[in-house]
Amino acid sequence: MSLRKIEASFEHICDGCGAVERTASTSRPKYWADLHILQDAYDYQGCAVADGSVKRLLCQECKSYVSEAANEAIETRRAALAKGGADGDA
Ligand SMILES: [Zn+2]
């Protein structure tokens, strides 16, 4: 009778594109990122009633897209406010 040891492995799946990377640990793969937007969820009266946080595991490529998009959105928002639009619609 033979015995074969099968090492444990973990699949990390990108929440953006579905890319899969297998590792020997539960640690986030190299160059991947955890995106966390910590926020409350509110009821119709504006009271915080639950955790409305968004959490995503992103591969290196999706992380780059998200990071670039966030920076562009912030720059666009700041530029709109600088033009005098109180709500950024200027
Ligand atoms: Zn991805």
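A residue is buried if 20 or more other C-beta atoms lie within 10 Å of its own, exposed if 12 or fewer, and partly exposed in between, with C-beta atoms placed from the backbone. Keep that handy for the exercises below. The structure is a predicted model, in which local features need pLDDT of at least 70, side-chain atom pairs count only at pLDDT 80 or more, and totals for chains, interfaces and linings use all residues. Residues are numbered from 1 along each chain as its sequence is written.

**Exercise 1. Work out what pattern of helices and strands the chain follows.**

Solution. Start with the terms: helices (H or I, at least four residues) and strands (E, at least two) are DSSP runs, numbered from the N terminus. Next, take the inventory, which is one helix and six strands. Finally, put them in sequence order to get β-β-β-β-β-β-α.

The radius of gyration (taken over C-alpha atoms) can be set against the globule rule, 2.2 Å times the number of residues to the power 0.38. It is 20 Å, well over the 12 Å that the rule gives for 90 residues, so the chain is more spread out than a compact globule. Along the principal axes, the C-alpha atoms fill a box of roughly 80 × 30 × 15 Å. As for burial, 4% of the 90 residues count as buried.

**Exercise 2. Decide whether strand 3 is buried or lies in the open, and find its partner.**

Solution. First, look at residues 33-37: of these five residues of strand 3, the number buried is zero, so the strand lies largely in the open. Then apply the pairing rule, by which two strands pair if DSSP finds at least two bridges between them. Strand 3 pairs with strand 6 (residues 54-58) in the antiparallel sense, over five bridges. As one example, L58 in strand 6 stands opposite A33.

**Exercise 3. Describe the surroundings of Y31 and K63.**

Solution. Begin with Y31, found in the loop between strand 2 (20-23) and strand 3. Y31 is not a glycine, yet its phi is positive, at about 75 degrees. With 11 other C-beta atoms within 10 Å, Y31 is exposed.

Now move to K63, which belongs to helix 1 (residues 60-82). K63 has 19 other C-beta atoms within 10 Å and is partly exposed. Although 32 residues apart along the chain, K63 and Y31 have C-alpha atoms separated by 8.7 Å.

To finish, list the contacts, where two residues qualify if their C-beta atoms, placed from the backbone, lie within 7 Å. Leaving aside neighbours within four places in sequence, K63 is in contact with W32, A33 and L58.
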